[in-house]
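Student: I'd like a close look at one part of this protein, please. Could you take me through it slowly and then show me what else is worth finding in the model?

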Amino acid sequence: MKLKEPKTVLRVSSFIINMSGTAGQVIRCKAAVAWEAGKPLVIEEVEVAPPQKNEVRLKILFTSLCHTDVYFWEAKVTANSYLIHACGLHLIVESVGEGVTDLQPGDHVLPVFTGECKECPHCHSEESNMCDLLRINTDRGVMINDGQSRFSIKGKPIYHFVGTSTFSEYTVTHVGCVAKINPAAPLDKVCVLSCGISTGFGATVNVAKPKKGQTVAIFGLGAVGLAAAEGARVSGASRIIGVDLNPSRFNEAKKFGVTEFVNPKDYDKPVQQVIAEMTNGGVDRSVECTGSVQAMISAFECVHDGWGVAVLVGVPNKDDAFKTHPMNLLNERTLKGTFFGNYKPRSDLPSVVEKYMNKEMELEKFITHAVPFSEINKAFDLMLSGESIRCIIRMDG
């Protein structure tokens, strides 16, 4: 579905003109609230408090959702929770709180479910993006500064979700979870970089790092897996082997560079053995994007000895155990894990946007549907049915 091209200049300029009337005040706006697990979200009028120390208040133009949202909505959400993820959104800064110096009203930004305080050992490390202060926390539900929510309905608090809470016309986030980006970037395209697309793409280009001409296996062809395939395509992989239990996904995966498809159900031997036979001993790189511990084992064991690298992206169940023979490691296979594609949100996400602007990566093919905010529950239906890769939710509708 082709999205309506927003009149960026007109919308932003009129917004900036009106900002002086809202800074420092409570804003009343519409938000979609999850009152009960598995029940449709309800559009409510909420009050959004001004940002406090190290916080920014943002006006949301586009948002989306991913499987993390669906998971918590189906089984984990508590009463009065926002069910909102930073999975594709584009915002404009409305106002800033005390201590915020690198953002100002009118800036275009992407908020992220993890953050970068720029002060902890992880943020100072060139190898890690696991910020001590702002890494993802699905249980917090309040702001770090004072332990309070910035959302309420008639005085009753409504809780945040993973620090972004974007199913609302306005939201408040910690400044460390907000990346300032090029204002010329199209709002309805780069929005998908806030979550799963960057996770999958970065897992390949930042962590697996395939060389031109190498072979790559992608386990799981959902949005994150397709982004990992896109990373392999951009890196110049000669063969990209998609592994999935759903054969209907292969045609779509071709658009992202996948050249071959393997369905483990079609074979009476382990899929890692199938791939090793296809590739004369194993692929050079693999990226696992399912969360299945068996897929993780297969992804590791299908890489070539001597130089093969396997990267785990999917999140397993808490009781899962990864088991493989130690000789697989001693034979010089490498196993790595990654979080948000190893991107530091504030430092690195702006450059990912520039990759799109410079036509080094494609984003339009990830966006398969669009709905107005009033039909937000349709976006959940599309994801549950497997019809959409990313569905954009237009906040002006």
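Student: In which sense do S14 and strand S15 (residues 334-337) pair, and over how many bridges?

Tutor: S14 and S15 pair in the parallel sense, and they do so over 4 bridges. Keep in mind as we go that this is a predicted model. To see one spot where the two strands meet, find Val311, which stands opposite Lys336 in S15.

Now look at another partner of S14. Strand S13 (residues 285-288) also pairs with S14 in the parallel sense, over 4 bridges. Here Arg285 has Val309 in S14 as its bridge partner. If you trace the chain through this part, S13, helix H9 (residues 293-301) and S14 form a β-α-β unit, and that unit is right-handed.

What about the side chains of S14? In a regular strand, side chains alternate between the two faces of the sheet. Strand S14 (residues 309-312) has Val309 and Val311 on one side, with Ala310 and Leu312 on the other. All four are buried, and both faces of S14 are covered.

Next, follow S15 onward to some aromatic rings. Phe339 sits in the loop between S15 and helix H11 (345-357), while Phe113 lies in the loop between strand S5 (108-111) and helix H3 (121-124). These two are 226 residues apart, so to speak from distant parts of the chain, yet they make a ring pair. A pair of aromatic rings is described by the distance of the centres and the angle of the planes. For Phe113 and Phe339 the centres are 5.8 Å apart and the planes are at 85°, so the pair counts as edge-to-face. Phe113 and Phe339 are both buried. Ring pairs also bring in Phe340 and Tyr343, giving a cluster with Phe113 and Phe339. Across the protein, the count of aromatic pairs is 7.

For a contrast with those parallel strands, try the open sheet of 4 strands in the order S1-S2-S6-S7, where the pairing is antiparallel. S1 and strand S7 (156-158) are at the edges with a single partner strand each, so one side of each has no neighbour in the sheet. From one strand to the next, the twist averages 50°. Inside this sheet, strand S2 (residues 42-48) is joined to strand S6 (residues 151-153) by 2 bridges, and Glu47 stands opposite Ser152 in S6.

Just before S1 there is a loop to visit: Thr22 lies between helix H1 (8-19) and strand S1 (27-33). With 22% relative accessibility, Thr22 counts as partly exposed. Beyond its neighbours within four places in sequence, Thr22 is in contact with Ile27, Arg57 and Glu94. The C-alpha atoms of Thr22 and Ser95 are 8.2 Å apart, although 73 residues separate them along the chain.

Finally, go to helix H12 (residues 376-385). Its buried residues are Ile376, Ala379, Phe380, Leu382 and Met383. They span an arc of only 160° around the axis, which puts them on the same side of H12. After H12 comes Gly386, which has a positive phi, near 80°.

Stepping back, the protein has 12 helices and 17 strands, and 55% of its 397 residues count as buried.

Definitions and conventions: Residues numbered from 1 in each chain as written. Predicted model: local features only at pLDDT ≥ 70, side-chain atom pairs only at ≥ 80, totals over all residues. Heavy atoms only, no water. Buried < 20%, exposed > 50% of the residue type's maximum accessible area, 1.4 Å probe, protein only. Arc of directions from axis to C-beta. Contact = heavy atoms within 4.5 Å. Pairing = 2+ DSSP bridges. Axes fitted to C-alpha atoms, helices over the stretch in contact; angles between N-to-C directions. Right-handed = clockwise from strand over helix to strand, strands pointing away. Phe/Tyr/Trp six-rings, centres within 6.5 Å; stacked < 30°, edge-to-face > 60°.
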